[in-house]
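Trainee: Could we go through this model together, one question at a time?
Mentor: Happily; let's have it in front of us.
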Amino acid sequence: MALLPICTYPDPVLRQKTEYVKTIDDEIRRLIDDMAETLYNAPGIGLAANQVGRSLRLLIIDLQLEEDNPGLLVLINPELVDGRGEMVHEEGCLSLPDFWANVKRHEEVIVRAQDREGKEIEFQAQGLLSIALQHEIDHLDGKLFIDRIGPVALDIFKRKWKKKHKEAKE
Ligand code: NI
């Protein structure tokens, strides 16, 4: 296994819609293992393949600190089938370091995908898992959570990012 570099805003790979995974082979499974190592090392609760520079429709989630956590969830070619209700929760992202903002999402979602063996799965999720799924599927569609925050929060993000970028250059 290997740690992969995480692409951060404004890397254009984060804005491209990812491609469907046609064949789930050893190369894809190696990518999944490397992504898992990268996620646990970060640490984060979710990672999409394009966040490590691979424009493929593949994501992993592990809610680590939550009770009844089923462990690493691997979703290949995931699709949001349905969403119900509304909830607002503070989100962060490994591709937007040191920034958090409230985001409005569906409270409950139904997701269809393939697992790491290629088997079709469909399930319902609520709460933090529902949020993580919507956040990561957004990544696969080239969206970031800053696309879903209000103008005031977006302005704060832009100023913070500019300041940090400037400091990094100095
Ligand atoms: Ni993210």
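Mentor: What follows is a short set of questions and answers on this predicted model.

Trainee: How many helices and strands does the protein chain have?
Mentor: Start by reading along the sequence, where the pattern is α-β-β-β-β-β-β-β-α-α. The secondary structure of the protein chain then comes to 3 helices and 7 strands.

Trainee: What radius of gyration does the protein chain have, and does it agree or disagree with a compact globule?
Mentor: Along the principal axes, the C-alpha atoms fill a box of roughly 50 × 40 × 30 Å. For 170 residues, a compact globule would have a radius of gyration near 15 Å, so the value for this chain agrees: 16 Å.

Trainee: What share of contacts in the protein chain, among those between residues at least 6 apart in sequence, joins residues at least 24 apart?
Mentor: Here we set aside contacts between residues less than 6 apart in sequence. Of the contacts that remain, those joining residues at least 24 apart make up 65%.

Trainee: Which residues coordinate the nickel ion?
Mentor: The donor residues follow the spacing C-x41-H-x3-H in sequence, so look for one cysteine and two histidines. The donor atoms are an SG and two NE2 atoms, at 2.1 to 2.2 Å from the nickel ion. They belong to Cys93, His135 and His139.

Trainee: Which helix holds both His135 and His139?
Mentor: These two histidines are 4 residues apart, about one turn of the helix. His135 and His139 are both buried. The helix they share covers residues 127–140 and is H2.

Trainee: How many of the 14 residues of H2 are buried?
Mentor: The buried residues of H2 include Gly127, Ile131, Leu133, Glu136 and Asp138. H2 is largely enclosed by the rest of the structure, because the number of buried residues among its 14 is 12.

Trainee: How far apart are the end C-alpha atoms of H2?
Mentor: At 1.5 Å a residue, the 14 residues of H2 should span 20 Å. The distance between the end C-alpha atoms agrees with that: 20 Å.

Trainee: Which residue just after H2 takes a positive phi?
Mentor: Look just past the end of H2 for a phi of about 80 degrees. The residue with that angle is Gly142.

Trainee: Which element supplies the largest share of the largest nonpolar core?
Mentor: This core has 16 residues, and Val21, Ile28, Ile32, Met35, Leu58, Ile60 and Ile76 have the most contacts inside it. Helix H1 (26–41), strand E2 (58–61) and strand E3 (73–84) each supply at least two of its residues. The largest share, 6 residues, comes from H1.

Trainee: What is the bridge partner of Leu58 in E3?
Mentor: E2 and E3 run antiparallel and are joined by 4 bridges. Leu58 is in contact with Val21, Met35, Leu75 and Leu140, among others, leaving aside its neighbours within four places in sequence. Its bridge partner in E3 is Ile76.

Trainee: And in E6, what is the bridge partner of Glu79?
Mentor: E3 runs antiparallel to strand E6 (residues 108–114), with 6 bridges between them. In E6, the partner of Glu79 is Arg112.

Trainee: Through how many residues does a hairpin join E4 to E5?
Mentor: Strand E4 (residues 87–93) and strand E5 (residues 96–105) run antiparallel, with 6 bridges joining them. One of the pairs is Glu90 with Asn102 in E5. The hairpin from E4 to E5 passes through 2 residues.

Conventions
Residues are numbered from 1 along each chain as its sequence is written. This is a predicted model: local features need pLDDT of at least 70, side-chain atom pairs count only at pLDDT 80 or more; totals for chains, interfaces and linings use all residues. Side-chain values use heavy atoms; hydrogens and water are left out. Donors are N, O and S atoms within 2.8 Å of the metal (3.2 Å for Na, K and Ca); water is not among the atoms, so sites may look incomplete. Buried means under 20% relative accessible area, exposed over 50%, partly exposed in between (1.4 Å probe, protein chains only). The expected span of a helix is 1.5 Å times one less than its number of residues. A nonpolar core is a set of buried Ala, Val, Leu, Ile, Met, Phe, Trp, Tyr and Cys residues joined through side-chain atoms within 4.5 Å. Contact means heavy atoms within 4.5 Å. Two strands pair if DSSP finds at least two bridges between them. The radius of gyration is taken over C-alpha atoms; the globule rule is 2.2 Å times the number of residues to the power 0.38.
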